[in-house]
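Welcome! Here is a short, friendly briefing to read alongside the sequence and the 3D view. Take a moment to look around before going on.

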Amino acid sequence: MAQKTTISVIKCDVGSLAGHHTVPNPLLKIGEKRLARAQEKGLINSHYVFHAGDDLELLMVHDQGEDNSEIHKLAWETFKEAAERASKLKLYGAGQDILKTAFSGNIRGMGPGVAEMEIEERKSDPLIVFAADKTEPGAFNYPMFRIFADPTNTAGLVIDPNLTGGFRFEVLDVIANQKVVLKCPEEMYELIALIGTPGRYVVSHVWRARDDVISAATSTTRLSLIAGKYVGKDDPVSVVRAQHGLPALGEVLAPFMHSYFVEGWMRGSHWGPLMPVGLKDSRCTAFDGPPRIVALGFQVANGEIAADDDGRPMISDLFDDPAFDLARREAMEIASTLRRMGEFEPARLGAEAMEYTTLPKVLEKLKDRFESTEIEVETPELSRVKANR
Ligand code: F6R
Ligand code: MG
Ligand code: MG
């Protein structure tokens, strides 16, 4: 029986230095101190603390399984302490994603984002953790599709008999709170029909179809739906497994050779190009962005992150590589083109998405100043607008 190991990535915006662009050292240190203590006590076996823009990210490897209350509590207490420190330092947006106060066993639905995966360790298990800032969980739909379903991205889907059976995708409807599982390649068109709307349909899990081996898990929190008002985007995290009958590391990273558009960026209200960056560039600056993504590669071995001779987890900062210079250059070219359009769509998100921002408050002021125009043709759309007046 193979060893079962859980990879948990739990993240939270607890406050940022100078706006919403980065997590300063004192907060990262709180993460490090708390997780090191939990490791000493044996609750977790390994950890790595980092940040994606203004989000504090806790990577924990342990034997406690998914949705474990002790693991979630550890993350919750860590975020609370970091948020308190952020408050004392008067950092910006202190405690931003801590939407609820009383912890009752599971951090899901309380503000922080969670991606967890329990695996049966293979002979060798390469993993990749993705963390993005200034965007939302649906931002992973496009790369998930390309990695696990698109034969033009993943050569293994064509060449390797272990992959030709395809993958099953679990898709969450985050508005209606429903989920559906679709199998690729057979249901590829239906999958795209859904996940091409990333603001509503989000890929939450991927399994290899022939044996249900878990291959990817993504966070799916929608802060605005929890809070019932605009509280920023949900800056997602994801865990992906690679190699030996799963997409190779290079196939997992290939979708990021080019930039692509995601919702988020300034005030969670704009289309922006996702820019792959190394950890040193994981700071959202220009127009609060552009939305950025980091990728960490590591091995899980005997319940831990494989460590070096000094016991430090060996983490490869995958986008800190000239191979992604082209994508970064593209991202900045697209970013500057979009910014020339200011607040005109499609630079700004469509009206439906803007419902979840602060724009309706501004429009509210004009409500009483509208007068009927002379020629009114009674269309179904007009009746709807009138009914909402
Ligand atoms: C987006 C984000 C930022 C803020 C923006 C305004 O997720 O966090 O772009 O929306 O900096 O922030 P406030 O309203 O706090 O000044
Ligand atoms: Mg913030
Ligand atoms: Mg953020």
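A search of the whole structure, which is a predicted model, finds 11 aromatic pairs. Two of these pairs are picked out below, followed by a ring cluster, an arginine and the domains.

**Pair F130 and F319**
- The ring centres of F130 and F319 lie 6.3 Å apart with their planes at 35°, so this pair is tilted; tilted pairs have planes that are neither under 30 degrees apart nor over 60.
- This pair links distant parts of the chain, as 189 residues separate F130 from F319.
- F130 belongs to strand β5 (residues 125-133), while F319 is found in the loop between β16 (316-317) and α8 (325-339).
- Both F130 and F319 are buried.

**Pair F256 and Y260**
- F256 and Y260 also form a tilted pair, because their planes meet at 50° and their ring centres are 6.3 Å apart.
- F256 and Y260 are both buried.

**A cluster of rings**
- Which residues do ring pairs link into a cluster? They are F130, F140, Y142, F256, Y260, F319 and F324.

**R339 and two rings**
- R339 has its charged end over the ring of F287, 3.7 Å from the ring centre.
- The charged end of R339 also sits over the ring of W265, at 5.9 Å from the centre of that ring.

**Domains**
- The protein is split into domain 1 (4-340) and domain 2 (351-388).
- Taken over C-alpha atoms, the centres of domain 1 and domain 2 are 37 Å apart.

How values were computed: Residues numbered from 1 in each chain as written. Chains lettered and ligands numbered in written order. Predicted model: local features only at pLDDT ≥ 70, side-chain atom pairs only at ≥ 80, totals over all residues. Heavy atoms only, no water. Domains from an automatic or database assignment. Phe/Tyr/Trp six-rings, centres within 6.5 Å; stacked < 30°, edge-to-face > 60°. Helix = DSSP H or I, 4+ residues; strand = E, 2+ residues; numbered from the N terminus. Buried < 20%, exposed > 50% of the residue type's maximum accessible area, 1.4 Å probe, protein only. Lys NZ or Arg CZ within 6 Å of the ring centre and 35° of its normal.
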